[in-house]
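Open the model in your viewer and keep the selection tool at hand. This tour goes stop by stop.

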Amino acid sequence: MGVHYRFRFPFEIRDISVKLLAAPGTAQMRFASKMVYSLEQGGHAVLCTLRRFAFFVVAVSSLSNAVAQEPSLAPANGAEAGQITEIKVGYLRAYAPQLALSVLDVPPRDEGVAGAEVAIGDNNTTGRFLGQKFTLHVTEVKPDADVVPAFDDLVQRGAFYILADLSATQLLSIADLARDKGVLILNVGATDDRLREEECRANVFHTAPTRTMLADGLAQYLIWKQWRRWVLVYGSHEPDKLFADALRRAATRFGGEIVAEKQFTDTGTARRTDSGVVQIQRQIPVFTQGFPEHDVLLVADESEVFGTYVPYRTWVPRPVAGTAGLIPSAWHPASEQWGGTQIQNRFAKASGRRMLSKDMAAWTAGRIIGEAATRTQSADPETLAEFIRDGDFSVAAFKGQKLTFRKWNWQLRQPIFLGDGRSVVSTSPQEGFLHQITDLDTLGIDQPETRCALK
Amino acid sequence: MLRRLTVLIAGPALAASMSVPACAYMVYVSNERDNTVSVVDSTTMEVVHTINVGQRPRGITISHDGKLIYLCASDDDTIQIIDTASYQIVGTLPSGPDPELFVLSPDGKTLYVANEDDNLVTVIDLESRSVRTEIPVGVEPEGMGISPDGKALVNTSETTNMAHFIDTGTHEITSNVLVDTRPRFAEFKSDNSEVWVSAEIGGTVSVIDSASHEIKHKITFEIPGLRAESIQPVGVRITADGMKAYVALGPANRVAVVNAKTYEVEKYVLVGQRVWQLAFTPDQKMVISTNGVSNDITFIDVAKDEAMQSVTVGALPWGVVVHPN
């Protein structure tokens, strides 16, 4: 796909038009981003006209920006004035349009990318005091594609920091190549525990939480509520089974009891159609009939086959949690605590939509690079990596406390939000779940259990 | 006189508070969540009035003559002017979007406002009620401190993690000092020797030399039984004699008392939940904290460094200012 892009038009166009001329976060930038998406998706015939128009708009906007907001370029103490260092951040993404059971859950076209763009904008606001300029270079591949050519291309273009929103398999296919080339990867998408365990890497940092962190965050709340008896229903695809495993582990860990389990096999449901809904109203009660007495029904359906249909349709009236009902996540679009309003407003202004978990993971990854570059006043990947690996490194991400990395597998510690579709219900770790180092390590696989040997 | 009498009649319950205040001050508290300002009498320690104001009131200050309150109505993108005699809103100032916190110049003529959403400091001329200029700063500007001579302004940007020193004559940034994560507040010593900058997530207060702009000391806090993550310094106030400082520690629910000469923390005063901002009474006999989560404010006795009384105000109290006379 990366190679394919190059055939259609030079990369320099998207880089220049989006990242260099338009100020991040401005209306012009949003427009330019949309133009680039149009360019990517548009046919060759309309390409030149669009490209010319985009250039015109962006060039005009950059002029007006320059007039409107010329910052005072006083260097920070210790920085040399006048020199601008560019720090190129790549964003490598597996993307294909996805179906969802509810149209509200269809992932936005720029999910994740929009968070990275806001982070780059934030970094540039800081960077202008230090002579640092950050640029974002987005490349998309298909979810099952070979990602190596696109990776090579990004590195060739000077991106030594890559935000990856890829499958675990794709990520592993570039992890060792990246190590040999001195490239840092920040995983913003994959929740697979194996990437932090048996398949962990010294050059791969994870800002996305793991399935075990998500499941533990949920389980702690259910235990705190004294809702201890659970029924687990899970989908028939691999990710569903992995999340079901994480929920089983959480039950054992925190004293929940899974009194029954049942698999919902994907036989190709008629998503969102009228007849489908009629069928669902009859099928889900039957599917959930006959379970032993339980407090909560847990759903593991990352594949969007049946989960959304479970709440309000169960045989007996019980709350639903997991991938439907009460959902654990890295961020919630309605979180306003801990200064959250500020990032929510900034994000909404820049992207025209609410901020989702993947946007937050990507924003945090972008800010980690920015924070390291600011504090070291360097653009050298080795210097930045050393700084991020330091025990004292932390980043603020509107979650009420500083976030640090687990040094044994480079997973970012973070609170887990529990929310329904409207609001944040709670955040974990819950009160009373204690840990000798940090309460955040009550979420997910802890150091004594890890199978990670960093290499 | 009548009020004084009431206190006497109230008897033993208020005996402790009676020992300190010589005169009554009006205390104004902005309540972020219910769009009000609570007016509290410092002698009776009771809410005497509630003013309905604009949306999401946060930063609050008062003119030097005590006649006008300035209030950041953040979600209305404006600063409201409240008459302290009538409690009526008598005007607004063009603050720019999302004003959060501001500082009044020592001559009372200029208001410097942090516009959190737009990475700007807006300079407002109070006489003409117009914007004099805007100064681009770092991401999420919040803390605003001004030197006693009015020549240097310090703004802190929460995501950039810098204290920006601004020359108020030229409106140019003269220096950017990297501090710890999420700097929230800047406070000059009255002798202009130092600026103290709190870092909420970093958990420290940086003491910056006003002349060299170098960090000369970093104050850290340790409270037995509390995790480091829950100690989040926000509001800072330093006594006029430069001897003692008070630092609000957020979810640690305490105000730290710091020796401002040695930088040693001498005491932690337990107040309400999530304590953010502080204000002295003009006689500096009391310091008042806003406790956001417990919806109250706490009066602290400066001589004894003990909490005297907490008073329930509105929802999510944010800022506090005391009438100068």
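Select helix α8 (residues 211–224) and helix α9 (residues 238–254) of chain A in this predicted model. How do α8(A) and α9(A) lie relative to each other? Their axes are 8 Å apart and meet at an angle of about 45°. An angle of that size is neither under 35 degrees nor in the 65 to 115 range, so α8(A) and α9(A) are oblique to each other. The crossing of α8(A) past α9(A) is right-handed.

Now show the side chains at this contact. From α8(A), pick A:R211, A:T212, A:L214, A:A215, A:D216, A:A219, A:Q220 and A:I223. From α9(A), pick A:L242, A:F243, A:A246, A:L247, A:R249, A:A250, A:A251, A:R253 and A:F254. Color them by class: eleven are nonpolar, two polar and four charged.

Next, zoom out to the domains. The domain assignment splits chain A into domain 1 (2–69), domain 2 (85–209 + 337–414) and domain 3 (212–329). Give each a color. Between the C-alpha centres of domain 2 and domain 3 of chain A, the distance is 30 Å. Where these two touch, domain 2 of chain A supplies eleven residues and domain 3 of chain A supplies ten. On the domain 2 side, five residues are nonpolar, three polar and three charged.

Now select α5(A) and α12(A). Which way do α5(A) and α12(A) run relative to each other? They pack at an angle of about 25°, with 7 Å between their axes. Angles under 35 degrees count as roughly parallel, and α5(A) and α12(A) are therefore roughly parallel to each other. Their crossing is right-handed.

Show the contact residues here too. On α5(A), they include A:V113, A:V118, A:I120 and A:D122. On α12(A), look for A:M360, A:W363 and A:R367, among others. By class, this contact has nine nonpolar, six polar and four charged residues.

Last stop: bring chain B into view. How many residues of chain A are in contact with chain B? The count is 20 from chain A, against 24 from chain B. Keep α5 and α12 selected. On the chain A side, the elements that give two or more residues are α5 (113–127), α11 (340–351) and α12 (357–376). Color this side by class as well: five residues are nonpolar, eleven polar and four charged.

Terms used: Residues are numbered from 1 along each chain as its sequence is written. Chains are lettered from A and ligands numbered from 1 in the order in which they are written. This is a predicted model: local features need pLDDT of at least 70, side-chain atom pairs count only at pLDDT 80 or more; totals for chains, interfaces and linings use all residues. Domain bounds come from an automatic or database domain assignment. Two residues are in contact if their C-beta atoms, placed from the backbone, lie within 7 Å. Ala, Val, Leu, Ile, Met, Phe, Trp, Tyr, Cys and Pro count as nonpolar, Asp, Glu, Lys and Arg as charged, and the others, Gly among them, as polar. Helices (H or I, at least four residues) and strands (E, at least two) are DSSP runs, numbered from the N terminus. Axes are lines fitted to C-alpha atoms, for helices over the stretch in contact, and angles run from 0 to 180 degrees between N-to-C directions. Angles under 35 degrees count as roughly parallel, over 145 as roughly antiparallel, 65 to 115 as roughly perpendicular and the rest as oblique. A crossing is left-handed if the near helix is turned anticlockwise from the far one by less than a right angle, and right-handed if clockwise.
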